[in-house]
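Please look over the sequence and the three-dimensional structure shown here before reading on. The report after them takes up a few selected places in turn.

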Amino acid sequence: MSEVLVYVDHVDGAVRKPTLELLTLARRIGDPVAVHLGSGVDAAAPVLAEHGAVRVLTADAAEFADYLVVPKVDALKAAYDAVQPAAVLLPSSVECKEIGARLAVRIGSGIITDAVDVEAGDDSPVTTQAVFAAAYTTRSRVSRGTPVITVKPNSAAPEAAPVESAVEQLTFGFGESAAGTKVVGRTPRESTGRPELTEAAIVVSGGRGVNGAENFRLIEELADSLGAAVGASRAAVDAGWYPHSHQVGQTGKTVSPQLYIAAGISGAIQHRAGMQTSKTIVAVNKDSEAPIFDLVDYGVVGDLFAVVPQLTGEVKARKG
Amino acid sequence: MSLRIVVCVKYVPDATGDRHFSDDLTTDREAVDGLLSELDEYAVEQALQISEDADDAEITVLTVGPEDARDALRKGLSMGADKAVHVEDDDLHGTDVMGTSLVLAKAVEHVGYDLVVCGMASTDGTMGVLPAILAERLGVPQVTQLSTVAVADGKVTGRRDGDAASEQLEAALPAVVSVTDQSGEARYPSFKGIMAAKKKPVETLDLDDLGIDAEEVGLEGAWTKVEDATKRPPRTAGTIVKDEGEGGTQLAEFLAGQKFI
Ligand SMILES: Cc1cc2nc3c(=O)[nH]c(=O)nc-3n(C[C@H](O)[C@H](O)[C@H](O)COP(=O)(O)OP(=O)(O)OC[C@H]3O[C@@H](n4cnc5c(N)ncnc54)[C@H](O)[C@@H]3O)c2cc1C
Ligand SMILES: Nc1ncnc2c1ncn2[C@@H]1O[C@H](COP(=O)(O)O)[C@@H](O)[C@H]1O
């Protein structure tokens, strides 16, 4: 069976959930070969094997952290040359999309970004994408070269498929352009202790209606009662009430949770672009004409300052 | 010597319109009015700010697109860019990101550049990878997805707010940058700007001028193929209740019924 390269997104060896989803999707096409760059392969390898990676190719070098994107492209290209895979899958993060795109140019292949599903096809894998703010669903293929595909989080449920897997060291040299963009400073994002926005099963988002940074406490309390991630509309982010890393929408994160709760959000097209594929959608808004109500499974027309705390109290009571 | 800045701007169907596909599964550009991609306005804005801080700079707005794409260039010129380049050719219809990046690479080389500024993503294709591909093709550093950007002493610096960390980046010119919508509101063209734009030069180039083979671009030359496109079915109408003091409790009941609590 042919092999499929899966680029591993991790923090010091802690493999992020979207990578496990990729391994699951990759198994539909061939045997997954994981590419782990940077530190922590000892921690990552068992997790990758547990999810079906038949081999783990790894490399660690200071360049990966010291320079932007290109060193990782050099390493992934070396893995590509060594494996000659049927496809290359990467998570759809900003960085991984850029890595995939540059690899695609180097190997003379087409790239599909932000797939929400990948299936084996006759000639090459068939991908599903949500386009035009999720108004359309398209099915596409890479028609030239080895398909390079980036996949959005929450596109598949990770399945365990334990295999014996060997960790192999990648040997390669960095190219001339590897040191082009220097990372001169790095401030890690503080963990909120809440689930990752793009990976969460439930997301609670607040918008302009929340009316102040201090009131986001109401959104956070509801989120915590449900074990949810916190999101925000761009209006709330632009007002400085919540960090941009939590923005949901076209220029923020795309989320596709089981449950999305929007409080004080009107439902502009750019916001919908980031949440419209959620399974169940719930909204609280005092304007019965707000476009968000066109999307909801359940909507409450009312003041969020009354409805949200009542809901939080009720959730806590029911969960005991 | 003058700092040569090229801003890549895309002409896109208005995102607030009802966007569709044409029969050949390319973006339908007839049904919805086109405009300069809002996310590329941020790129023009940052280019203008960089040029204001430089002793001497010249900004070229560049687009690859159909005849109407001239509107996008006009907007960039009204905002304050100095000149425009429009790559237009019937053979470009249906070009994907690989073809577009090839054309843009040839075009920026034709113009001459120290800095290429792009938006973070186009509002129709929303891939966000073109700037990285352009840097790869040009063989210059990519300094992308910046929320702040500055140029000084032959270097470009900026901040990239990633998922795991916020990074401070630095690269020597020439380079390709892209800026996010966190980089600062774009200015509105002034009346004076709009009048001045009418006199600014717009150069039109075709594939021949750039030495590009028609087979490398267009729908046939694309490295990806859309097999089908289906309109997402409208969501089934949900239950909407008016809060009469019990809204939160009713919502909790719904969530419990759906096994969320
Ligand atoms: C290029 C571009 C990219 C964009 N990207 C994004 C993006 O990624 N994400 C995003 O969200 N937006 C994005 N936007 C902005 C988008 O167009 C909207 O402006 C934004 O989503 C509005 O946020 P909002 O719904 O919170 O605010 P508003 O539209 O002002 O809506 C606030 C809502 O709160 C309700 N409300 C007020 N008070 C209360 C109360 N006490 N109780 C209950 N309800 C109340 C109001 O009835 C109203 O419906 C983008 C725009 C552009 C041009
Ligand atoms: N046809 C085009 N003409 C000029 N610039 C473009 C074109 N397509 C994309 N770009 C630039 O590339 C950026 C990212 O586009 P994309 O990768 O397609 O989402 C845009 O914000 C533009 O700056």
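What follows is a short report on a ligand site, a helix, a strand residue and a surface patch.

## Basis of the description

This is a predicted model, in which local features need pLDDT of at least 70 and side-chain atom pairs count only at pLDDT 80 or more, while totals for chains, interfaces and linings use all residues. Residues are numbered from 1 along each chain as its sequence is written, chains are lettered from A and ligands numbered from 1 in the order in which they are written, and side-chain values use heavy atoms, with hydrogens and water left out.

## The surroundings of ligand 2

Around ligand 2 there are 19 residues, of which Cys8(B), Asp40(B), Val64(B), Ser122(B) and Gly128(B) come nearest; a residue is counted here if one of its heavy atoms lies within 4 Å of the ligand. At least two residues of this shell come from each of strand 4 (57-64), helix 3 (97-111), strand 6 (115-119) and helix 4 (130-138) of chain B, and strand 4 of chain B gives the most, with 3 residues. Helices (H or I, at least four residues) and strands (E, at least two) are DSSP runs, numbered from the N terminus.

Polar contacts, meaning pairs of N or O atoms within 3.5 Å (within protein, one must be able to donate a hydrogen and the other to accept it, and residues adjacent in sequence count only if both atoms are side-chain atoms), link the ligand to the backbone. An oxygen atom of ligand 2 lies 2.7 Å from a backbone N or O atom of Cys8(B), and an oxygen atom of the ligand is 2.9 Å from a polar backbone atom of Leu130(B). Taken alone, ligand 2 exposes 490 Å², and the protein buries 96% of that, with areas from the Shrake-Rupley method and a 1.4 Å probe; for residues, only the protein chains shown count as cover.

## Buried parts of chain A

Helix 1 (residues 17-26) of chain A is largely enclosed by the rest of the structure, because 9 of its 10 residues are buried, among them Pro18(A), Leu22(A) and Ala26(A). Buried means under 20% relative accessible area, exposed over 50%, and partly exposed in between (1.4 Å probe, protein chains only).

Thr58(A), in strand 5 (residues 55-59) of chain A, counts as buried because its relative accessibility is 3%. A polar atom of the Thr58(A) side chain lies 2.9 Å from the backbone oxygen of His36(A).

## An exposed residue in chain B

Phe191(B) is found in helix 5 (residues 191-197) of chain B and, with a relative accessible area of 65%, is exposed.
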